[in-house]
Amino acid sequence: MRVLGVDPGLTRCGLGVVDGKPGKACLVAVGVVRTPSDGDPGERLVFLEKELNAWVDRFDPDVIAIERVFADVNVASVMTTAHATAIALLIAAKREIPVAFHTPTEVKAAVTGDGRAGKAQVTSMVTRILKLKQRPKPADAADALALAICHTWRGGTEQRYAAAARLAAVPSVPLARAAGVGR
């Protein structure tokens, strides 16, 4: 499974692409899209859309994992993060790419085993898991990779549970009747 992790932000949007399956992950690409904080918000969103589209074109992800925005005292920061999230959602919807949201706590727990781990610990574990020679910088890049790893490891399992639940919801047909016996 190929996952594009998106750590949404309008000034810095972290992007990380990982190939893998539960317990195994391999780095494909990592980067950060930057826009000037004093720039026109509309132009910044258009630039972010262009860059995200280029990443999706280049890496053809099976799913896009996005960090779930959480409420903060800084409403302006939450709003710009939500705008960046909306751009990623729009791109995925237009291309019919599934989207998964993961909370920061979920990501930290998946990557480090501790949902309250600090950024340094997350970056350190991302470096180890992906067998990188250098730590991904800035933190937004490491966070995007952590999102992709989290979904690679957890998402496949979640998809199998959902598929099993769908199968269980289908009424069963007695085998003899399905085979045409006893008509």
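In the predicted model, Glu-67 of β4 has His-102 of strand β5 as its bridge partner. This pairing belongs to a wider contact between the two strands: β4 and β5, the latter spanning residues 99–102, run parallel and are joined over 4 bridges. On the other pairing of β4, strand β1 (residues 2–7) is likewise connected in the parallel sense, through 4 bridges. One of the residue pairs in that arrangement is formed by Val-6 and Ile-66, the latter being the partner located in β4.

Strand β4 itself, comprising residues 63–67, is largely enclosed by the rest of the structure, because 5 of its 5 residues are buried. Val-63, Ala-65 and Glu-67 point one way from the strand, whereas Ile-64 and Ile-66 point the other way, and all of these residues are buried. The charged residue Glu-67 is thus named among the buried positions of β4, and Glu-67 also appears among the residues that lie nearest the centre of the largest pocket.

A second set of strand pairings involves β2 and β3. Strand β2 (residues 12–21) and strand β3 (residues 24–34) run antiparallel and are joined by 10 bridges. Within this pairing, Gly-16 stands opposite Val-30 of β3. The two strands form a hairpin with 2 residues between them. Gly-23, situated in the turn, has a positive phi of about 90°.

For the protein as a whole, the secondary structure amounts to 6 helices and 5 strands. Along the sequence, these elements follow the pattern β-β-β-α-β-α-β-α-α-α-α. Of the 183 residues in the protein, 39% are buried. Among contacts with a separation of 6 or more, 62% are between residues 24 or more positions apart.

Several helical residues illustrate how the helices are placed against other parts of the chain. Thr-85 lies in helix α2, and with a relative accessible area of 7% Thr-85 is buried. Apart from residues up to four places away in sequence, Thr-85 touches Pro-8, Ile-66, Val-69 and Phe-101. One of these contacts, Ile-66, is the residue of β4 that is bridged to Val-6. Another, Pro-8, is listed with the residues nearest the centre of the largest pocket.

Ile-149 is placed in helix α5. Its relative accessibility is 0%, and Ile-149 therefore counts as buried. When residues up to four places away in sequence are not counted, Ile-149 touches Val-18, Ala-25, Val-111, Val-126, Ile-129 and Leu-130. Ile-149 and Val-3 are 146 residues apart along the chain, and their C-alpha atoms are separated by 8.0 Å.

Thr-123 is located in helix α4, which covers residues 119–129. This residue counts as buried, its relative accessibility being 8%. Beyond its neighbours within four places in sequence, Thr-123 is in contact with Arg-135, Pro-136 and Ala-142.

Lys-108 occupies a position in helix α3 (residues 104–112). At 26% relative accessibility, Lys-108 counts as partly exposed, since a residue is classed as buried under 20% and as exposed over 50%. With neighbours within four places in sequence set aside, Lys-108 is in contact with Gly-113, Asp-114, Gly-115, Arg-116, Ala-117 and Val-122. Of these contacts, Ala-117 is the residue whose backbone oxygen is reached by the side chain of Lys-108 at 3.4 Å. The C-alpha atoms of Lys-108 and Asp-143 are separated by 9.3 Å, the two residues being 35 residues apart along the chain.

The largest pocket has a volume of about 630 Å³. Its lining consists of 26 residues, and Asp-7, Pro-8, Glu-67, Phe-70 and Lys-119 are those nearest its centre. Divided by class, the lining of this pocket contains 10 nonpolar, 7 polar and 9 charged residues. Helices α2 (75–95), α3, α4 and α5 (139–169) each supply at least two residues of the lining.

Terms used. Residues numbered from 1 in each chain as written. Predicted model: local features only at pLDDT ≥ 70, side-chain atom pairs only at ≥ 80, totals over all residues. Heavy atoms only, no water. Buried < 20%, exposed > 50% of the residue type's maximum accessible area, 1.4 Å probe, protein only. Contact = heavy atoms within 4.5 Å. Polar contact = N/O pair within 3.5 Å; in protein donor to acceptor, adjacent residues only side chain to side chain. Pairing = 2+ DSSP bridges. 1 Å grid on protein atoms, 1.4 Å probe; cavity = no way out; pocket = protein on both sides within 12 Å on 5 of 7 lines; lining within 4 Å. Points joined across faces, edges and corners; volume = space filled by probe spheres on them.
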